[in-house]
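Visitor: I would like a close look at a single part of this model. Please then show me how that part fits into the rest.

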Amino acid sequence: MDIAIACLICFIGGMVAGLIGVGGGIVFVPAMTAVLSKGQVEAESTSLLMIALVSVVGTWRQYGYGNVNLKDAAVIGLLSPVGVLIGVVVANAVPERALRIGFAMLALYMAWRLLRRVFKDGPSDPADPGTEALADPAPDSPAGTGASA
Amino acid sequence: MESRRIIGLAAIGTLAGAFSGLFGVGGGTVIVPMLIALYHYGDRLATGTSLAAIIVIALLAAAMQGGIYGNVDVETGLILVGPAILGVIGGTAIQQRIPEKSVSLLFAALLIGVAIEMVVG
């Protein structure tokens, strides 16, 4: 029964991943700790394996829809290990409370930027959900680079 | 690709990686809003590109956790990933059919939730 509940929660996690482009770990980890009684580290580590597989399928689907800029994704992905190392070092040097508050402020700033874009531009046309409603063409805009990138 | 753009994307990758190293989650929470805010990505393009970048980040982190520390429960992961994959196929399909700004609203709600969890969790 527990595994069925965990599967249902992970299905929802996959939906979240597909809808908003995150890996889904934010849902997978609690499914394993709360429902399957896994330890936090084991759940987070197993979640990473799931995130990798879910992201492969999600990318394949989004590529088909023309929603992937492979060049930019490669630069971000391949340079992220540098950040992982920095993160591990910083995590051991700075109090966790300060890190949490720092990231909370960054998250709120990003939320504010997103909401400002939404309400500044006005609601998008629901009859044409395929439009790049938030795209604000700029010299370095990636618009049109999608699947062909 | 111009060098300024590469440096900016590298900064996003580094920040996303740092977030993963700090809090043990994927970097999508950082990548999506930054691509939208800094590079004027449309919401769908940002989420698709984020998923592609996350493949690399998660594979490396999972390989380290599993290969070096033996913390990955492969059997449980493979059982749970089946429904998760069905979910991501459904989620990407739904995303193409809803107004693009709904994605931003959902993401903003997620960020606010994460911020609250970071402070009170």
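Visitor: How many residues does α5(B) have, and how far does it reach from its first C-alpha to its last?

Guide: Two notes come before the answer. Residues are numbered from 1 along each chain as its sequence is written, while chains are lettered from A and ligands numbered from 1 in the order in which they are written. This is a predicted model, in which local features need pLDDT of at least 70, side-chain atom pairs count only at pLDDT 80 or more, and totals for chains, interfaces and linings use all residues.

Now the helix. α5(B) has 21 residues. From first C-alpha to last, α5(B) reaches 31 Å, close to the 30 Å expected at 1.5 Å a residue. That expected span is 1.5 Å times one less than the number of residues. The name also has a rule: helices (H or I, at least four residues) and strands (E, at least two) are DSSP runs, numbered from the N terminus.

Which residues of α5(B) are buried? Near the start of the list come E100(B), K101(B), S102(B), V103(B) and S104(B). The list goes on with F107(B), A108(B), L110(B), L111(B), V114(B), A115(B) and M118(B). Buried has a cut-off here: 20 or more other C-beta atoms lie within 10 Å of the residue's own. A residue with 12 or fewer is exposed, and one in between is partly exposed, with C-beta atoms placed from the backbone.

Step back to the whole chain. Chain B has five helices and zero strands. From the N terminus on, its elements run α-α-α-α-α. Its C-alpha trace spans about 40 × 35 × 35 Å along the principal axes. Of its 121 residues, 60% count as buried.

How sure is the predictor? Chain B has a mean pLDDT of 87, and 95% of its residues reach 70 or more. pLDDT is the predictor's confidence in each residue, from 0 to 100. Among the elements of chain B, α4(B) has the highest mean, 95, and α1(B) the lowest, 84. For the complex, the predictor gives an ipTM of 0.88 and a pTM of 0.81.

Next comes the partner. Chain A also has five helices and zero strands. Of the 149 residues of chain A, 48% count as buried. Chain A is divided into domain 1 (1-68) and domain 2 (69-123 + 144-149). Such bounds come from an automatic or database domain assignment. The centres of these two domains, taken over C-alpha atoms, are 19 Å apart.

Where do the chains meet? The contact takes 93 residues from chain B and 100 residues from chain A. Two residues are in contact if their C-beta atoms, placed from the backbone, lie within 7 Å. On the side of chain B that touches chain A, α1 (3-23), α2 (28-39), α3 (43-68), α4 (74-95) and α5 (100-120) each supply at least two residues. α3(B) gives the most, with 22 residues. This side of chain B divides into 58 nonpolar, 28 polar and seven charged residues. Ala, Val, Leu, Ile, Met, Phe, Trp, Tyr, Cys and Pro count as nonpolar, Asp, Glu, Lys and Arg as charged, and the others, Gly among them, as polar.

The two chains also share a core. The largest nonpolar core has 80 residues, and those with the most contacts inside it are V54(A) and A84(B). The largest share of this core, twelve residues, comes from α3(B). Both domains of chain A give residues to this core, so it lies between them. A nonpolar core is a set of buried Ala, Val, Leu, Ile, Met, Phe, Trp, Tyr and Cys residues joined through C-beta atoms within 7 Å. In soluble globular proteins, nonpolar side chains tend to be buried together.

Take V54(A) itself. Neighbours within four places in sequence are left aside here. In chain A, V54(A) is in contact with G14(A), A17(A), G23(A) and G24(A). In chain B, V54(A) is in contact with V81(B), A84(B), I85(B) and V88(B).

One last detail is in a loop of chain B. H40(B) is found between α2 and α3 of that chain. H40(B) has a positive phi of about 55°, although it is not a glycine. Most residues other than glycine have a negative phi. H40(B) counts as buried because it has 21 C-beta neighbours inside 10 Å.
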